[in-house]
Amino acid sequence: MRLLKRLRALGDALFFGCATDEFNAIKGKRAIYPYSHRVEMLKSCRYIDHVFPEVSWDQKQKDIVEKNIILFGMGSDWEGKFNELEEFCEVVYLPRTNDISTLDSIKMVQDRAFGAETSETSVHQTEISFC
């Protein structure tokens, strides 16, 4: 949430590409919630102005041009991975929020739902994402 707030402060509107379930499968990820639920949650976030489906890695350039994006932002764990987009807009990598770990949150949810011994193996076998 804090990363979204910081990204939103950098411009007039925040566009958020939410990976579809099919795209997550291609990436080897499995989302906790189905795409439609994730979109609904993202649309309720006051820092996000527009949510659109992310269906492939190569759509980012097209989205930037079509949506007239002037700044593309990602968490610093993606540092350098999208520098080729600098041809079309400014690219920034913001540090993740200290003391907040998506992986730790996922493990906590799994521990509560399935027991500690189950979550340890499932988190490492399949990368899971919230969006």
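**Rings, charges and a buried helix face**

In this predicted model, the charged end of lysine 67 sits over the ring of phenylalanine 52, at 4.6 Å from the centre of that ring. A second such arrangement involves lysine 27, whose charged end sits over the ring of tryptophan 57, 5.3 Å from its centre.

Tryptophan 57 also leads to the aromatic pairs, of which there are 4. With phenylalanine 23 it forms an edge-to-face pair, the centres being 5.4 Å apart and the planes at 75 degrees. Because phenylalanine 23 belongs to helix α2 while tryptophan 57 lies in the loop between β3 and α4, this pair ties together parts that are 34 residues apart in sequence. Phenylalanine 23 is buried, at 2% relative accessibility, whereas tryptophan 57, at 43%, is partly exposed. Another pair, tryptophan 78 with phenylalanine 82, is tilted, with 5.6 Å between the centres and 40 degrees between the planes. Ring pairs link these four residues and Phe72 into a cluster.

Phenylalanine 23 has a polar neighbour as well, since its backbone nitrogen is reached, at 3.1 Å, by the side chain of threonine 20. Threonine 20, found in the loop between β1 and α2, is buried with a relative accessible area of 9%, and the residues it touches include Tyr35 and Arg38.

Arg38 brings us to helix α3, where Arg38, Val39 and Leu42 are buried. Seen down the helix axis, the buried residues of α3 fall within an arc of 100 degrees, so they line one face of the helix. An α-helix has 3.6 residues a turn, so residues three or four places apart point the same way. Among the elements covering the buried residues of α3 are β1, α2, β2 and β3.

How values were computed. Residues numbered from 1 in each chain as written. Predicted model: local features only at pLDDT ≥ 70, side-chain atom pairs only at ≥ 80, totals over all residues. Heavy atoms only, no water. Buried < 20%, exposed > 50% of the residue type's maximum accessible area, 1.4 Å probe, protein only. Helix = DSSP H or I, 4+ residues; strand = E, 2+ residues; numbered from the N terminus. Arc of directions from axis to C-beta. Contact = heavy atoms within 4.5 Å. Polar contact = N/O pair within 3.5 Å; in protein donor to acceptor, adjacent residues only side chain to side chain. Phe/Tyr/Trp six-rings, centres within 6.5 Å; stacked < 30°, edge-to-face > 60°. Lys NZ or Arg CZ within 6 Å of the ring centre and 35° of its normal.
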